[in-house]
Amino acid sequence: MTETDFILNDFSLENISNGSITWKTPSNIALVKYWGKQEPQIPENASISFTLDACFTLTTLEYKLKEESQPEHVSGSAVEMLKQVQHDHNFEIYFEGEKKEDFKPKIATFFKRIEKHVPFLNAFEFVIKSENSFPHSSGIASSASGIGALALCVMSLEKAINPAMTDAYFNKKASFLARLGSGSACRSIEGPLIVWGNHPEIEGSSDLFGVKFPYKIHDNFKNYQDTILLVDEGEKQVSSTVGHQLMYNHPFAKQRFKQANSNISKISKVLQSGDLSAFIAIVESEALSLHAMMMTSNPYFILMKPNTLKIINEIWDFRAQSNSNICFTLDAGANVHVLFPAKEKETVNNFIKSNLMQFCQENHYICDSIGNGAISIFK
Ligand code: PMV
């Protein structure tokens, strides 16, 4: 599929006036990381992620046809009509019950980027109401779940306008739109494992949207656990926009993109064979490679904290002393995602309580596991 397949050209707003749509959309954690992109949000390498379950954003989009967009005020086709209406996106945003003027520029940029593909947006006024299941300042990136949820709400509006749309197209376009807002958000629409980025060994993969891992996943990875240790609750030190830009003139960029694509080939086989040791080796190396890119960029950053390293060493010691398949991954921050098979839940949770919890801010951590993607909520 190409960009033009995602443009809605011919539509009518005759049977639509106002309503509301709600989506619950999870966060995701990359196993092979995306770090480096080209315009417009095209990844330099393929990435793969576990879709999460307990960490999600709940977003409601209330929509109302603008006065000047009502059929009696306009003439010609819907596309013609939209040329006649005011071109500013008209919306208010509430986050956890509070009106958030400071969230507006990000949403306005998102709407601007997607309007070519969803031209009906201009005809409506919106109120967006959003909340996260995890604390806002926890250092867990909310852009994947937040933008993912908004993209799905916009797609439900498109579905109301064009009811003939298939579910497969709905999900692809939701992922396509989400990608334009925040790259990793395109991996939050479905689950349990999503690949984003064109890769010769992943059938159907694309730079434009995320796809479900297309091969049979070994039982070892069913219901895999992710306990997120909140080492540093606070604003991100480096925004991902800045981070991706640092890959432009990075001395190791080319090699890194090659390494990531080769790790996609390897992890694809591992996910099918169930080889947990090989899984651990790829996932931990990916996390450290991502941070190595930040440490060797210009300017350079260390996003890990002393407690991040203490946790990593504790995990390595525990693994060496037991038969556990526990491992870690990191996002662009200090928090640690502790990954382990479902059957080790009890032993690993005991270990987390006795050895790792002390390194978390105010002992905070979140128990999560792999999920199946976003769900629409009927209110
Ligand atoms: O989606 P962005 O632009 O916020 O980038 C996210 C990049 C990482 O979270 C660090 C890695 C990834 O693949 O999710």
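Which atom of the ligand is 3.0 Å from an N or O atom in the side chain of His244? Select His244 and the ligand to see that the partner is an oxygen atom of the ligand. That pair is a polar contact (N or O atoms within 3.5 Å; within protein, one must be able to donate a hydrogen and the other to accept it, and residues adjacent in sequence count only if both atoms are side-chain atoms).

Before moving on, note that this is a predicted model, where local features need pLDDT of at least 70, side-chain atom pairs count only at pLDDT 80 or more, and totals for chains, interfaces and linings use all residues. Residues are numbered from 1 along each chain as its sequence is written, and side-chain values use heavy atoms, leaving out hydrogens and water.

Stay with the ligand and select Arg187: a side-chain N or O atom there is 2.7 Å from a ligand oxygen. For Ser182, the corresponding distance is 3.2 Å.

Next, pick Lys37, which touches His244 and Tyr248, among others (contact means heavy atoms within 4.5 Å). Its side chain makes a polar contact of 2.6 Å with that of Gln41. Lys37 is buried and has no salt bridge, with Glu39, the nearest side chain of opposite charge, 6.2 Å away. Buried means under 20% relative accessible area, exposed over 50% and partly exposed in between (1.4 Å probe, protein chains only); a salt bridge needs a Lys or Arg side-chain nitrogen within 4 Å of an Asp or Glu carboxyl oxygen. Lys and Arg count as positive, Asp and Glu as negative; His and the chain ends are not counted.

Finish at Cys153, buried at 0% relative accessibility. Its sulfur is too far for a bond, because the closest cysteine sulfur, in Cys186, is 17 Å away.

Methods: Disulfide = S-S within 2.5 Å. Lists of a residue's contacts leave out its neighbours within four places in sequence.
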